[in-house]
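Subject: Handover of a structure and notes on its contents

Dear colleague,

Please find below the structure that I am handing over to you. My notes on what was found in it follow directly after.

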Amino acid sequence: MVRPPLTPEERLRGEQLGHILRHARGERSIVEVAAAAGMSAETLRKIETGRIATPAFFTIASLADVLGVSLDHLAVRSTPTPT
């Protein structure tokens, strides 16, 4: 199955999500947080940089739990404001 290309809005939302998660991680190492969330450090790095712009729900739910961030907060903060 071939995924359709991401829209500019989806890419922006992915970048915003990554920024929020990176900020929430703070001084903790990427390896520590990724292991606690059950993923590789490379996957977390790709999410934080926006290279994985549409991560799976359960991936984000796991990260939110490890980072102590609510899913509501992530949803509101990573939704671009209409222009």
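A salt bridge is taken here to be a side-chain nitrogen of Lys or Arg within 4 Å of a carboxyl oxygen of Asp or Glu. Please keep in mind that this is a predicted model. The structure holds three salt bridges, and the notes begin with the one between R25 and E48.

The salt bridge of R25 and E48

The side chains of R25 and E48 meet with a nitrogen-to-oxygen distance of 2.7 Å. This pair links distant parts of the chain, since R25 belongs to helix 1 and E48 to helix 3, with their positions 23 residues apart in sequence. Both partners, R25 and E48, are buried. For E48 the relative accessible area is 12%, and residues under 20% count as buried.

The surroundings of E48 may also be of interest to you. Apart from neighbours within four places in sequence, E48 is in contact with G18, H19, L21, R22, R25 and I30.

Helix 1 against helix 3

How do the two helices that carry this pair lie relative to one another? The axes of helix 1 (residues 8-25) and helix 3 (residues 41-49) come within 6 Å and cross at roughly 120°. That crossing angle makes helix 1 oblique to helix 3. On the side of helix 1, the contact is formed by G14, G18, H19, L21, R22 and R25; on the side of helix 3, it is formed by L44, I47 and E48. Sorted by class, the contact of helix 1 with helix 3 comprises three nonpolar, three polar and three charged residues.

Helix 2 against helix 3

Helix 3 also packs against helix 2, at an angle of about 105° and with the axes 8 Å apart. Helix 2 and helix 3 are therefore roughly perpendicular to each other. In this contact, I30, V31, V33 and A34 of helix 2 meet A41, L44, R45 and E48 of helix 3. The residues of the contact of helix 2 with helix 3 divide into six nonpolar, no polar and two charged. E48 thus appears in the contact with helix 1 and also in the contact with helix 2.

The buried face of helix 3

Which residues of helix 3 are buried? They are L44, I47 and E48. Viewed down the axis of helix 3, these buried residues fall within an arc of 95°, so they line one face of the helix. The elements that cover them include helix 1, helix 2 (30-37) and helix 4 (57-67). After helix 3 comes G50, whose phi is positive, near 85°.

The network of E42, R45 and R51

E42, R45 and R51 are linked in a network of salt bridges. In one of its pairs, E42 and R45, the closest N and O atoms are 2.9 Å apart. Both E42 and R45 lie in helix 3, three residues apart, which is about one turn of the helix. In the other pair, the side chains of E42 and R51 meet at 3.8 Å, N to O.

Are the members of this network buried or exposed? E42 is partly exposed, with a relative accessible area of 34%, and R45 likewise counts as partly exposed, at 35% relative accessibility. R51 counts as exposed, at 57%. The R25 and E48 pair, by contrast, has both of its residues buried.

Two further positions

Two residues outside helix 3 complete these notes. P5 is found in the segment before helix 1 and is exposed, with a relative accessible area of 74%. P5 and M39 are 34 residues apart in sequence, and their C-alpha atoms are 24 Å apart in space. S62 is found in helix 4 and is partly exposed, with a relative accessible area of 22%. The C-alpha atoms of S62 and I20 are separated by 15 Å, the two residues being 42 residues apart along the chain.

When you open the structure, I would suggest beginning with E48, which lies in helix 3 and forms the salt bridge with R25.

With kind regards

Technical notes
Residues numbered from 1 in each chain as written. Predicted model: local features only at pLDDT ≥ 70, side-chain atom pairs only at ≥ 80, totals over all residues. Heavy atoms only, no water. Axes fitted to C-alpha atoms, helices over the stretch in contact; angles between N-to-C directions. Helix = DSSP H or I, 4+ residues; strand = E, 2+ residues; numbered from the N terminus. Parallel < 35°, antiparallel > 145°, perpendicular 65-115°, else oblique. Contact = heavy atoms within 4.5 Å. Nonpolar A, V, L, I, M, F, W, Y, C, P; charged D, E, K, R; others polar. Buried < 20%, exposed > 50% of the residue type's maximum accessible area, 1.4 Å probe, protein only. Arc of directions from axis to C-beta.
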